[in-house]
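Here is a short briefing on a predicted model. Read it with the structure open.

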There are 2 protein chains.
Amino acid sequence: MQIGQLGRALGVPVETIRYYEREGLLPRAERSTSNYRVYGEAHADRLRFIVNCRALDMTLDEVRSLLDYHDAPSKDCTRVNELLDEHIAQVATRIAELHRLEGQLQRLRKACRRGKASGHCGILRSLRQRPAAPK
Amino acid sequence: MQIGQLGRALGVPVETIRYYEREGLLPRAERSTSNYRVYGEAHADRLRFIVNCRALDMTLDEVRSLLDYHDAPSKDCTRVNELLDEHIAQVATRIAELHRLEGQLQRLRKACRRGKASGHCGILRSLRQRPAAPK
DNA sequence: TGGACACCCTGAAGTGGCTTCAGGGTCAAG
DNA sequence: CTTGACCCTGAAGCCACTTCAGGGTGTCCA
């Protein structure tokens, strides 16, 4: 299998696959006589692992850690559980932040109706103001 | 007022202020005899505008657009309203994504209890699998 | 007078996770 | 024998900063 096929199979741009190889997430692929990368099922499995992690918004460093366990099946997996817990906590935190933001934006949005002169736009006026001290 | 004071007043690192100047978001500051940047209230107002926008997670390009209206008080502000609507929609989309992610992560988390050998860890096993076709 | 220390300056490089670009080689079909 | 799809490399670009290296300035205290 060459790189384009692998990419299409897993929905990953070929540049990204090459990037993962440079970063050491994927082992260097063997090469055909014409210097094309050649992949087998093992590569596809590993790439799928990475892609799944990325779909869950993990950083490449987190993926690297998880791959270490993937590669050492006899190692205790406690750290894997912890890593996931931390990641879930991060996502929850970000959701909370974005909810707060959404509220602020909606309040800001109500400060104006379209069609005014910018000098009297309530949105722009609010953006100029000192932020209200959050109680 | 010099750059450190301005930064402390608005809670912005001095490097960020210099960066905004380089990017053209802030006008070039006048200089003291010792080549230190000198700021007045107008600068502080403009920087506060930028900081408020960034706190709402707007990109610097969005901020640039809004500053155009800030600088042209007679211009119609319809586009300001639209810009905000678009930004709110983006935030809402991201929240929805993260919620979906959170659910997936929690399901994944249940696949294992800590203390197993990685080879039998349900989390790692799930990460190796082909993603279920979303209905 | 001198030295410690906080502040300021510049330009360049690093961050993450790719993406894009420039400039080329390979290979099968028509 | 040319067209087009594919592959290769190394470097630069993206965003919004942050960090670093290497230096100047200004004030306080001894």
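Of the 18 residues around DNA strand D, the nearest are A:Gly4, A:Arg18, A:Arg37, B:Tyr36 and B:Arg54; near means a heavy atom within 4 Å of the strand. This is a predicted model: local features need pLDDT of at least 70, side-chain atom pairs count only at pLDDT 80 or more, and totals for chains, interfaces and linings use all residues. Residues are numbered from 1 along each chain as its sequence is written, chains are lettered from A in the order written, and side-chain values use heavy atoms, without hydrogens and water.

**DNA strand D**
- Sugar or phosphate accounts for 81% of the strand D atoms within 4 Å of the protein, and bases for the rest.
- A polar backbone atom of A:Gly4 is 2.6 Å from a phosphate oxygen of strand D.
- The side chain of A:Arg37 has an N or O atom 2.8 Å from a phosphate oxygen of strand D.
- For a polar side-chain atom of B:Ser34, the distance to a phosphate oxygen of strand D is 3.0 Å.

**Chains A and B**
- Each chain gives 56 residues to the contact (heavy atoms within 4.5 Å).
- About 4,900 Å² is buried between the chains, 65% of it on carbon and sulfur atoms; buried area is the accessible area (1.4 Å probe) that two parts lose on being put together, summed over both.
- Eight salt bridges link chain B and chain A (a side-chain nitrogen of Lys or Arg within 4 Å of a carboxyl oxygen of Asp or Glu).
- B:Asp57 and A:Arg94 form a salt bridge, with their closest N and O atoms 3.0 Å apart.

Notes
A polar contact is a pair of N or O atoms within 3.5 Å; within protein, one must be able to donate a hydrogen and the other to accept it, and residues adjacent in sequence count only if both atoms are side-chain atoms.
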